[in-house]
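Student: Could you take me through this structure slowly, and explain the terms as we meet them?

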Amino acid sequence: MADELGHLLVFGFLFNLGVYMVAPAMTDVTMDALCPGQDECSLAIYLTGLQQAITGLGALVATPIVGNLSDKYGRKALLLLPATASILPLACNRTKAFFYAYYITRMVTAMVAEGSMHCLSLAYVADKVPPSRRAAAFGVFSGVCLAGFVAGTVAARFLAVAAVVAAAAAVYMRAFVKETDGGASLLRAAAGDEENSSSHPLCVPSCSSSSSQDVAPPTLPPLRKALSLSDMADLLTTSSTFSRDALVIFFYSLGETGLQTAILYFLKVQFQYSKNQYANLLLVIGIAGSLSQLVMMPILAPKLGEQKLLIIALLGGCVHVPYLGASFVIVSILVNPSIRSIVSKRAGPFEQGMVQGCLTGISSTANVISPIVFSPLTAWFLSETAPFNFRGFSLACAGFAMLIALTVSINMRPAELQPDSK
C-alpha cells in the first residue's frame with residue numbers, strides 16, 4: 001500500500017510542478033500582450049475572470065461525471081484524462097494573436113485537468129486508507145501537491161520545460177500507479193476485524209451486531225449511472241453532513257477564488273509588483289501550506305478532529321493581508337482536507353469518486369460565480385471611477401465570503417460530523 005501511494009504522490013508532485021511553472025509569468029504575459037507598458041489593464045482582469053469562470057463551469061459539469069465513472073471503470077483509467085490534458089506549452093510570444101491562441105487552448109484543457117486530477121487522486125487515497133487515517137492522508141497528498149507548486153514557482157524561469165514535466169507526469173502515472181479495487185479491500189479488512197471480535201471468548205451473542213453498528217459506516221445512496229443535476233440535488237438532501245459541508249466549501253471557494261482574481265492585479269496597481277515579487281509571495285504561501293499539510297495535519301487531525309480543525313482553518317482564511325495573510329495559510333490550507341475527510345467517511349466503497357467529484361463540482365460552481373462578481377469589482381475599485389477610495393474592497397469582500405463559511409462550520413452540531421444512523 002505504501003509503495004502504491006508513494007507512486008501517486010510522485011505523480012501529484014510532477015503534475016503540479018508542470019502546471020505551476022507557468023503561473024508566476026501569466027500576469028506579466030497577459031498585461032504585456034494586451035496592455036504593453038501600462039500598470040493597470042481592465043481587459044486583462046476581465047479575461048482572467050472569464051477564464052476562471054468558464055474553467056469552473058466546465059469543471060462543474062465534468063468532475064462529478066468523471067468521479068462517478070471512476071467508481072465503475074477505475075481511478076487510474078480516468079486519471080489519464082487530466083494527466084494528458086495538462087500537456088500544454090506556454091505561449092511565450094507576447095503578441096496578441098499568440099496570447100489569444102494560448103488563452104483559448106489553456107481554458108479548454110483546464111476544464112478537464114484542474115478539478116478532475118485532485119478529486120480522482122483523493123478518491124484513490126480513500127480506496128487505500130482506512131477512515132481513521134484518511135484526514136492525515138488527504139493532508140499529506142495535498143501537501144505534496146503544494147510542494148510541486150513551490151518547485152514550479154522556483155523553476156518558473158525554465159518555462160520551456162513545463163510541457164516536458166507534464167508529459168513525464170502522465171508517463172509515470174501510466175507506468176507505475178496501480179489500479180485500486182474501489183475500497184473493497186478495506187471493507188474486507190473491516191469485516192475480518194468484526195468477525196474476529198465476535199468470535200472472542202468473552203463476546204456475548206449481541207457482540208456482533210453491536211460491533212457492526214459501531215464500525216461499519218453507512219453509505220450514501222448508490223448512484224451507479226453518470227450523475228445529473230437532479231442526482232447531485234438528491235445527494236445534497238440525503239445527508240445533513242454533506243449539505244453543510246457543501247455550503248462551507250462553496251463559500252470558502254467563492255472567497256478563495258475571489259482573492260486569486262483580485263490580489264495580483266491589486267498588488268500590481270497598488271505596489272507595482274513585478275513577476276519576481278509575485279513569485280516570492282507565491283513561495284511564501286506554498287512553503288507554509290506544504291509544511292502545514294505534511295507536518296501539522298497528521299498531528300492535529302487525530303487530536304482535534306476534523307470539525308475543530310476546520311473552524312481554525314477557516315478563521316485563518318478570513319485574513320487577507322499580503323505577506324501577513326500569507327502566513328495564515330499555515331492553518332487556512334487545512335480547510336479542504338478537513339471537509340473532504342468528513343464527507344469521505346460518509347461514503348462507502350465504490351462511492352468515493354462520486355462524492356469527491358460532487359465536492360469539486362460545488363467548488364467549481366463558486367469558481368464560476370466568483371470571477372463574475374470579483375473581476376468587475378476589482379477593475380472598478382482600481383480605476384479612477386471608483387465610488388470611494390478603497391482599492392482593496394474586493395479583497396475585503398472575499399474575506400467576508402470566508403466568514404460566512406466559518407459561521408456555517410461553527411453552527412455544525414457534533415452529531416453531524418459522525419456517520420448518520422440509519
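Tutor: What follows is a set of questions and answers about helices, their crossings and a few single residues. This is a predicted model, in which local features need pLDDT of at least 70 and side-chain atom pairs count only at pLDDT 80 or more, while totals for chains, interfaces and linings use all residues. Residues are numbered from 1 along each chain as its sequence is written, and side-chain values use heavy atoms, with hydrogens and water left out.

Student: How many helices and strands does the protein chain have, and what makes a stretch count as one or the other?

Tutor: The protein chain has 18 helices and zero strands. Both are DSSP runs numbered from the N terminus, where a helix is H or I with at least four residues and a strand is E with at least two.

Student: What percentage of the residues count as buried, and what does buried mean?

Tutor: Of the 422 residues in the protein chain, 54% count as buried. Buried means under 20% relative accessible area, exposed means over 50%, and partly exposed lies in between (1.4 Å probe, protein chains only).

Student: Why are α6 and α16 called oblique to each other?

Tutor: Helix α6 (residues 134-154) and helix α16 (residues 335-344) pack at an angle of about 140°, with their axes 9 Å apart. The axes are lines fitted to C-alpha atoms, for helices over the stretch in contact, and the angles run from 0 to 180 degrees between N-to-C directions. Angles under 35 degrees count as roughly parallel, over 145 as roughly antiparallel, 65 to 115 as roughly perpendicular and the rest as oblique. The angle of about 140° is in none of the named ranges, and α6 and α16 are therefore oblique to each other.

Student: Which hand does the crossing of α6 and α16 have, and how is that decided?

Tutor: The crossing of α6 and α16 is right-handed. A crossing is right-handed if the near helix is turned clockwise from the far one by less than a right angle, and left-handed if anticlockwise.

Student: Which residues make the contact between α6 and α16?

Tutor: From α6 come R134, A135, F138, G139 and S142, and from α16 come P337, R340, S341 and S344, where contact means heavy atoms within 4.5 Å. By class, the contact of α6 with α16 has three nonpolar, four polar and two charged residues. Here Ala, Val, Leu, Ile, Met, Phe, Trp, Tyr, Cys and Pro count as nonpolar, Asp, Glu, Lys and Arg as charged, and the others, Gly among them, as polar.

Student: How do you know whether S341 is buried or exposed?

Tutor: S341, which lies in helix α16, has a relative accessible area of 0%, and it is therefore buried. Leaving out residues up to four places away in sequence, S341 touches R134, A135, F138 and E306. The side chain of S341 also reaches the backbone nitrogen of A135 at 3.5 Å.

Student: What makes M111 partly exposed, and what does M111 touch?

Tutor: M111 is in helix α5, and because its relative accessibility is 23%, M111 counts as partly exposed. Apart from neighbours within four places in sequence, M111 is in contact with I54, T55, G58, A59 and A62. M111 and G56 are 55 residues apart in sequence and 6.8 Å apart in space, C-alpha to C-alpha.

Student: Is S121, in helix α5 (residues 96-128), buried or exposed?

Tutor: S121 is buried, because its relative accessible area is 0%. Setting aside neighbours within four places in sequence, S121 is in contact with L8, L79 and F141.

Student: At what angle do α3 and α5 cross?

Tutor: The axes of α3 and α5 come within 7 Å and cross at roughly 40°, and this crossing is right-handed. By class, the contact of α3 with α5 has 15 nonpolar, eight polar and two charged residues.

Student: Why is L69 called partly exposed?

Tutor: L69, found in helix α3, has a relative accessible area of 24%, so L69 is partly exposed. Beyond residues up to four places away in sequence, L69 touches G74 and L78. The C-alpha atoms of L69 and M354, 285 residues apart along the chain, are separated by 7.9 Å.

Conventions. A polar contact is a pair of N or O atoms within 3.5 Å; within protein, one must be able to donate a hydrogen and the other to accept it, and residues adjacent in sequence count only if both atoms are side-chain atoms.
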